[in-house]
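User: Please explain this structure to me, starting with how residues are classed.

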Amino acid sequence: MCGIIGHVGDDDAIETLLTGLENLEYRGYDSAGVAVQNGSGIAIEKRSGEVEELKDSVEEGSLKGHVGIGHTRWSTHGPPTDENAHPHTDETTDVAVVHNGIIENYAELKEWLKERGCEFTSDTDTEVIPHLIQYYLDEGLESETAFREAIDDLEGSYAVTAMVSDEHVLYAARKGSPLVVGIEDDEFFLASDVPAFLEYTDSVVFLEDGDVVIVDESGIECTDLDGNPVRREPETVDWDPEQAGKGEFDHFMLKEIHEQPTSLAQALEGRIDPERGRIRLEGFGPGSFEDVDSVQLIACGTSYHAALYGAFTLRQADVEATALLANEYSVSAPPVDENTLVIAVTQSGETADTLNALREAAADGARTLAVTNVVGSTAAREADDAVFIRAGPEIGVAATKTFSSQVVMLTLLAQRITADRHGQPAADLESLLPELSHAPGAIETVLEGTDAPDIADRYEDSRSYFFIGRGLGYPVALEGALKFKEITYEHAEGFASGELKHGPLALVTPETPVFAVFVGEEDEKTLKNAEEAQTRGAPVIAVCPDDHRAVDVADAHLSIPDTEPELAGLLANVQLQLVSYYAADNLGRPIDKPRNLAKSVTVE
Ligand code: F6R
């Protein structure tokens, strides 16, 4: 949602803060700001717009100091104006605060503070925090105690970092929003996410809900809200700073699409033995899933499409499985018991909707598992178990490589679950696993030979874009449409191919290209549905192998290597990712930071 960065150490804080904010821009880019202790109080620069604009303002000014905080915002309370940009302060600018999350009781707190003479300058919920801290300081409390008291007053979700004038200390707390500490000798970083400071250190302390951390030049002190020490050991993250840069590519999204052969190979490494037809998931010995009667997969957005894909492969493997939108879970969750495995599919591991559904399932007695990219994320820590998709950092707001790795991990899990339950896997692993081991190479083939730029040019002036698929092609159609609308801002919809004739066909015209995904399951029916659209004038783009019958029928073709249905969808999805990318590029869209969106959605 928003990105927080903090720095304490001998080096100039401003450079670290601005670099950190650039690295965190995927979390929000409506407005940005920094505050430093400059020797005579707290100096602040903040404004609406992107970090680049903040950088220009900072260069014109003279912010200097070793201790500071910064923020990049994705607006929730109040529009993206200079006033609403973080850091926020009390009237005297003695306290500065950056915050990610939602303070649910801010209206009452604001009223209470106003009655005591506080004046507010923004529409944000955050502004109550510096006023509260100042209130407790005025009451005579020490800074640390004032911070704890203020945090204790808050209801909702937060990652908060605060500083008090002339102190070389940062005070931070988390509940429901991520916050990590980076340690490099006597330099310390606080951030919403590891890529913020990956250039400086890979040694990270993942804070947990309820933690309060005090950071000064001598080190970090982790406690609970009451001040009782809590032990949090630093972990070394194996993400390479190179991975967090754009390299030779114009956009992170294109880089991440091209990283898929590598990220998939990483996801599979040590987990499949194609020769013996075996799947090995670290931490899950034989029989780990033998008590699982049914599976619910909960997720949002792209991860939900991966969950649909996973549920489909599970059902094909004779396991009762349903994919559910996490944000609908509290109103429509099917019953669970201890034999229900609830899998939270979440790249970030921090999506509020998914975490809430996960908590609800756990409270109702289900066994829980997180399939996530982020070691130390809330989902990974809160679920009974975690499987990591090992995709490396994904910076582009549009999820690409993480979808592929999620799909592959869920495919492996499906076979493991069914093997544990029934004594043998449902699929013929001797053919599936070699295909899986060739998946990175097959993606490479797609990337090298793609006609996506031509297709994007050819259909550039269309009115709407439709995506259809059946079986495993259905989640791919949904994902193709989501990606397209998300980064091109053009209207796009995904349908189960059989559904087209039940209503959406009324929208089909020569100006609505239809991308038809063929994965080798009932392709004849999908082709018939595509032809129904074609008869009404719509150009059909077939996503299928070269020797597929659809190639002769369609107006255009995006080629994928011939493979098992479990993987065909994955390869088709890569073609659709590329079409979306090139279409958005033609339109000059800010591809890595589409309007109104953020990478990690930590509010409900
Ligand atoms: C779309 C996209 C989002 C996320 C969704 C869930 O490209 O990235 O739809 O998939 O917000 O995020 P995670 O996977 O972090 O739970």
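Analyst: Ala, Val, Leu, Ile, Met, Phe, Trp, Tyr, Cys and Pro count as nonpolar, Asp, Glu, Lys and Arg as charged, and the others, Gly among them, as polar. This is a predicted model, in which local features need pLDDT of at least 70 and side-chain atom pairs pLDDT 80 or more, while totals for chains, interfaces and linings use all residues. Residues are numbered from 1 along each chain as its sequence is written, and side-chain values use heavy atoms, without hydrogens and water.

User: How do the residues lining the largest pocket divide into nonpolar, polar and charged?

Analyst: A pocket is an open set of 1 Å grid points where a 1.4 Å probe fits, with protein on both sides within 12 Å along at least five of seven lines; lining residues have an atom within 4 Å of a point. The largest pocket holds about 510 Å³ of space, the volume filled by probe spheres set on its points. Of its 26 lining residues, Cys300, Gly301, Thr302, Lys599 and Val601 are the closest to its centre. The lining divides into 11 nonpolar, 10 polar and 5 charged.

User: Between which domains does the largest pocket lie?

Analyst: Domain bounds come from an automatic or database assignment. Both domains give residues to the lining, so the pocket lies between domain 2 (245-446) and domain 3 (452-586).

User: Which helix gives the largest share of the largest nonpolar core?

Analyst: Such a core joins buried (under 20% relative accessible area, 1.4 Å probe) nonpolar residues, Pro not included, through side-chain atoms within 4.5 Å. The largest has 87 residues, and Val295, Leu297 and Ile343 have the most contacts inside it. Helices are DSSP runs (H or I) of at least four residues. The largest share, 12 residues, comes from helix α18 (residues 565-586).

Methods. Buried means under 20% relative accessible area, exposed over 50%, partly exposed in between (1.4 Å probe, protein chains only). Helices (H or I, at least four residues) and strands (E, at least two) are DSSP runs, numbered from the N terminus.
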